[in-house]
Amino acid sequence: IAETQRAVDELNAALDEPGLHAPVQRRREPARTVLVYGGIVTEAEWLPFLDRARALLAEAADENRAAVDGPFGACYPPPADEDEQEVLTFVPVTAAPLLSAETRSAGVAVGELPTTEVAVITHAGGYDDLEDTYRNLGSWVATHGEPADLPVRELYLVGPKDTSDPGEFRTEICWPMQSRVSTEE
């Protein structure tokens, strides 16, 4: 009953504040060269891990003269039935820099995010109810296509480094989808 009431409250809030809960959109994400830093974290470690990773990647970009070309983000493979989850944080760069030994020893590497079609929704607000937005997006993906075998990407457009008000946070959730193949000839 509590879950249902929370869902009803969220829908009512969305009606009261139009524009905060954007509709799902589809878009093609281009391949990107990225600086990456990964780890396995528990739910309690998630925010501190993201804060450390963001600072580490920003420092690595500065020290290695890499031009940042987009927001800080993270990739989340499908979760296992465990308390821990693999997280691969990233920051897009215009070109692959030659990383210093110090940067590599800190765990930062150069990687590539593949081109993919994604279903995107922007989560407005703090992270406490991010799971609800995931459920809504997952339902949309199941109704409108097939998920691709790629990790879900989160792009932190506005977050704790930008504002102390969680109500102002904006997180894009990008769920990879397989392109629809026409069977008509």
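## The pocket lining

Helix α4 is the top contributor to the lining of the largest pocket, giving five residues. The model is predicted. Helix α4 spans 130–144. Other elements take part too. Strands β2 (32–42), β4 (84–93) and β7 (152–158) each supply at least two lining residues, and so does helix α2 (46–63).

The largest pocket has a volume of about 1000 Å³. Its lining counts 31 residues. Closest to the pocket centre are E43, Q85, L130, E131 and Y134. By type, the lining residues divide into 18 nonpolar, eleven charged and two polar.

## The largest nonpolar core

Now turn to the nonpolar cores. The largest holds 30 residues. Seven of its members touch the most others: L35, W46, F49, L50, L57, Y76 and Y156. Strands β2, β3 (73–76), β4, β6 (116–124), β7 and β8 (170–177) each supply at least two core residues, as do helices α2 and α4. Helix α2 gives the most to this core, with seven residues.

## A look at F49

Which residues does F49 contact, leaving aside its neighbours within four places in sequence? They are Y37, G38, G39, V41, V87 and T89.

## A second core

Another core lies apart from the largest one. This other core has nine residues. V34, F90, V118 and C174 are among them.

## Shared elements

Some elements appear in both pictures. Helix α4 supplies residues to the pocket lining and to the largest core. Helix α2 also serves both, with at least two residues in the lining and seven in the core.

Terms used
Residues numbered from 1 in each chain as written. Predicted model: local features only at pLDDT ≥ 70, side-chain atom pairs only at ≥ 80, totals over all residues. Heavy atoms only, no water. 1 Å grid on protein atoms, 1.4 Å probe; cavity = no way out; pocket = protein on both sides within 12 Å on 5 of 7 lines; lining within 4 Å. Points joined across faces, edges and corners; volume = space filled by probe spheres on them. Helix = DSSP H or I, 4+ residues; strand = E, 2+ residues; numbered from the N terminus. Nonpolar A, V, L, I, M, F, W, Y, C, P; charged D, E, K, R; others polar. Core = buried A, V, L, I, M, F, W, Y, C linked by side-chain atoms within 4.5 Å. Buried < 20%, exposed > 50% of the residue type's maximum accessible area, 1.4 Å probe, protein only. Contact = heavy atoms within 4.5 Å.
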